[in-house]
Amino acid sequence: MAVFTGAGVAIATPFDENYNIDYESFGKFIDFQVENKTDAIIVCGTSGEASTLSHEEHIAAIRYCVNRVNKRIPVIAGTGSNCTDTASYLTKQAQNAGADAALVVTPYYNKATQNGLIAHYTDIAKHTDLPIILYNVPSRTGCKLESSTIAKLVKDVDNIVGVKEATGDIAMAAQIMYDTQGDIDMYSGNDDMIVPMLSIGGKGVISVLSNVAPEDTHNICAEYFAGNVEKSRELQIKYLELIHSLFCEVNPIPVKKALELMGFYGGNVRLPLTQLEPAHTERLKKAMIETGILK
């Protein structure tokens, strides 16, 4: 059984004016997501600025999210690192905190070989009982999981069960499904490719868009699964400009500005990220108005 099907939100981590985690805002935002049909919460991923969290903050944020969700939907913890021992440690701590699964990005900067990636993920999996979702995003990490490597890991390691496929290459995604004979839970890592990924057997999306439009992102998947492909396609196309606006600067800069515009909390990001440029803010605001998110 898949960890989840549908739209899982790659949730942003709110920071207060002193750049500490704002747990009061975080709790309210988690509740908003659950109440608006988000199918899972992915905490401490790219959108959650995990790379600037200390280990203590990282673990505390996972634990807080698990407790706040209180088993209403699955919680998947981002636990990847370019250090295998660190990734294993964070994954064990996520299990101790009660997470339902782990999302583990490829080791950035080190740029491991495919054999190195097999050893990396195999070692992490040995240290946990959690289901593991691989995260393939070479545009950010400089390190790509080849489809044959993914197939080997899924075949040989019992608790490696899925992949967040974020290469932006539908042919690559199709090759993964071919090489694994469909025996993998594949999630789109790109909001502009949800419907294409579902069409080749994807289970859903791990989504930035869900931060601001949780119900309709859920509906893109739900309508497709219900056989209403045209409705699913219409929703995908409706949000295309907003999706592009949410990536007009590096994620999560734009989505945090969008959440500020929606009144959830301030759009503070930790350095080296900086506030969204004014021209990009106007573009984002326009797209949010056109989709009805802002009035």
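## Barrel and strand pairing

Two strands are taken to pair when DSSP finds at least two bridges between them. In this predicted model, strand β1 (residues 6-10) and strand β2 (residues 40-43) meet that condition, pairing in the parallel sense over three bridges. Ala10 has Ile42 of β2 as its bridge partner. Helix α2 packs on the sheet, where α2 touches β2 and β3 (75-78). The direction of α2 makes about 175 degrees with that of β3.

The pairing of β1 with β2 belongs to a closed arrangement: eight strands form a barrel in the order β1-β2-β3-β4-β5-β6-β7-β8, with parallel pairing. Neighbouring strands of this sheet are turned against each other by 25 degrees on average, direction ignored.

## The largest pocket

The largest pocket holds about 600 Å³ of space. Its lining consists of 27 residues, and those that lie nearest the centre are Thr46, Ala50, Ser51, Val105 and Tyr108. At least two lining residues are supplied by each of α2 (55-69), α3 (84-97), β4 (101-105) and α5 (138-141). By residue class, the lining of the largest pocket divides into twelve nonpolar, 13 polar and two charged residues.

An annotation bears on this pocket. The unreviewed UniProt entry gives the feature "active site" at Tyr135 and Lys164. These positions span 30 residues in sequence, yet their C-alpha atoms are no more than 4.7 Å apart, so they gather at one spot. From this set, Tyr135 is part of the lining of the largest pocket. Tyr135 is located in strand β5 (residues 132-136), one of the eight strands of the barrel.

## The second largest pocket

About 430 Å³ of space lies in the second largest pocket. This pocket is lined by 25 residues; Val137, Ser139, Gly189, Asn190 and Phe247 lie nearest its centre. Helix α5, strand β8 (204-207) and helix α11 (240-245) each contribute at least two residues to the lining. Helix α5 thus appears here and also among the elements that line the largest pocket. The lining of the second largest pocket comprises eleven nonpolar, nine polar and five charged residues.

The unreviewed UniProt entry places a "binding site" feature at Ser47 and Ile206. Although the two positions span 160 residues in sequence, their C-alpha atoms are no more than 10.6 Å apart, so they gather at one spot. Both Ser47 and Ile206 are included in the lining of the second largest pocket. Ser47 lies in the loop between β2 and α2.

## Backbone features in the loops

Most residues other than glycine have a negative phi, and most peptide bonds are trans. Against this background, three loop positions deserve mention.

Tyr19, a residue other than glycine, has a positive phi near 65 degrees. Tyr19 is situated in the loop between β1 and α1 (23-35).

The peptide bond from Asn251 to Pro252 is cis, with omega near 10 degrees; Pro252 falls in the loop between α11 and α12 (253-261). Leu271 and Pro272 are likewise joined by a cis peptide bond, with omega about 15 degrees. Pro272 is placed in the loop between α12 and α13 (278-290).

Terms used:
Residues are numbered from 1 along each chain as its sequence is written. This is a predicted model: local features need pLDDT of at least 70, side-chain atom pairs count only at pLDDT 80 or more; totals for chains, interfaces and linings use all residues. Side-chain values use heavy atoms; hydrogens and water are left out. On a 1 Å grid over the protein atoms alone, a cavity is a set of points where a 1.4 Å probe fits but cannot get out, and a pocket is an open set with protein on both sides within 12 Å along at least five of seven lines; lining residues have an atom within 4 Å of a point. Grid points are joined across faces, edges and corners, and a volume is the space filled by probe spheres set on the points. Helices (H or I, at least four residues) and strands (E, at least two) are DSSP runs, numbered from the N terminus. Ala, Val, Leu, Ile, Met, Phe, Trp, Tyr, Cys and Pro count as nonpolar, Asp, Glu, Lys and Arg as charged, and the others, Gly among them, as polar. Axes are lines fitted to C-alpha atoms, for helices over the stretch in contact, and angles run from 0 to 180 degrees between N-to-C directions. Contact means heavy atoms within 4.5 Å. UniProt positions are given in the numbering used here, feature names are shortened, and annotations may be inferred rather than shown by experiment.
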